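Welcome! Take a moment to turn the structure around on your screen, and then we can walk through a few of its details together.

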Amino acid sequence: MGCHDKGHVKRVLELATYIAKKEGADLKIVKIAAELHDIERDKPNHAIESAKTAEKILKNRGFDDIFISKVKHCIEAHSFSSGIEPKTIEAQVLSDADKLDAMGAIGIARAFIFAGENGRTIEDTLKHFEEKLLKLVNCIYTETAKKIAKDRHEFLLQYYKKLKEELSVTKKESKYEVSD
Ligand code: NI
């Protein structure tokens, strides 16, 4: 999927690395978890499935069990849908990086790529802003990510308001034409 392509993984890796350094998290765990976090993106329960596949890959690469379990926890907990809370700083960093990539200008671009791929309208996407994207700012764990999130959220909110305003004008105008 275009909104979960290699670009997303690369950006999450970069964001996660930046946040991890600032927060003093284990870089090796964060980087490997970021690289593998969406490896089973297309499966239902993708966080859990990605964690399982990551475990196999890392076992084959010869990583020890403790390291693997730490990476697994990051991947399992990066998505709300798994219902698993990120308990370690490394898991919080990955979750934050993944949320940040759904916010700001990139978040908007990804929302519309997703809409295009799934035959969704601008109105559907507006709803997605309300139900998900505009709530992400409250789901950030680390102080470093909170700073970035604040800026991205403001931009998202501005864009949302303008989009809503323009859509309501269009509706009013079309109503006017019909009744005229
Ligand atoms: Ni992701």
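Let us begin with helix α4, keeping in mind that this is a predicted model. Helix α4 covers residues 65-76, which makes 12 residues. From the first C-alpha to the last, α4 reaches 16 Å, close to the 16 Å expected at 1.5 Å a residue. At its start, aspartate 64 offers a side-chain oxygen that comes to within 3.1 Å of the backbone nitrogen of isoleucine 66.

Which residues of α4 are buried? They are Phe67, Ile68, Val71, Lys72, His73, Cys74, Ile75 and Glu76. Among the elements that cover these buried residues are α2 (27-36), α3 (46-60) and α5 (89-100).

Phe67 also brings us to a charge placed over a ring. The charged end of lysine 28 sits over the ring of phenylalanine 67, at 5.4 Å from the ring centre. A second arrangement of this kind involves lysine 99, whose charged end sits over the ring of phenylalanine 80, 4.6 Å from its centre.

Now for rings that meet other rings. A pair of aromatic rings is described by the distance of the centres and the angle of the planes. Searching the whole structure gives four aromatic pairs. Two of them are set out here.

| Pair | Arrangement | Centre to centre | Angle between planes |
|---|---|---|---|
| Phenylalanine 112 and tyrosine 159 | edge-to-face | 6.4 Å | 75° |
| Phenylalanine 129 and tyrosine 160 | stacked | 6.3 Å | 25° |

Where do the partners of the edge-to-face pair lie? Phenylalanine 112 belongs to helix α6 (residues 104-117) and tyrosine 159 to helix α8 (residues 143-179), so this pair ties together parts that are 47 residues apart in sequence. Phenylalanine 112 counts as partly exposed, at 25% relative accessibility. Tyrosine 159 is partly exposed as well, with a relative accessible area of 29%.

The stacked pair likewise links distant parts of the chain: phenylalanine 129 is in helix α7 (residues 122-131) and tyrosine 160 is in helix α8, 31 residues apart. Are these two rings' residues buried or exposed? Phenylalanine 129 is buried, with a relative accessible area of 0%. Tyrosine 160 has 10% relative accessibility and counts as buried too, because the cut-off for buried is under 20%.

Finally, the two pairs can be viewed together: Phe112, Phe129, Tyr159 and Tyr160 form one aromatic cluster. Helix α8 contributes tyrosine 159 and tyrosine 160 to these pairs, while phenylalanine 112 comes from α6 and phenylalanine 129 from α7.

Technical notes
Residues are numbered from 1 along each chain as its sequence is written. This is a predicted model: local features need pLDDT of at least 70, side-chain atom pairs count only at pLDDT 80 or more; totals for chains, interfaces and linings use all residues. Side-chain values use heavy atoms; hydrogens and water are left out. Rings of Phe, Tyr and Trp (its six-membered ring) pair if their centres lie within 6.5 Å; planes under 30 degrees apart count as stacked, over 60 as edge-to-face and the rest as tilted. Helices (H or I, at least four residues) and strands (E, at least two) are DSSP runs, numbered from the N terminus. Buried means under 20% relative accessible area, exposed over 50%, partly exposed in between (1.4 Å probe, protein chains only). A charge sits over a ring if NZ of Lys or CZ of Arg is within 6 Å of the ring centre and within 35 degrees of the ring normal. The expected span of a helix is 1.5 Å times one less than its number of residues. Contact means heavy atoms within 4.5 Å. A polar contact is a pair of N or O atoms within 3.5 Å; within protein, one must be able to donate a hydrogen and the other to accept it, and residues adjacent in sequence count only if both atoms are side-chain atoms.
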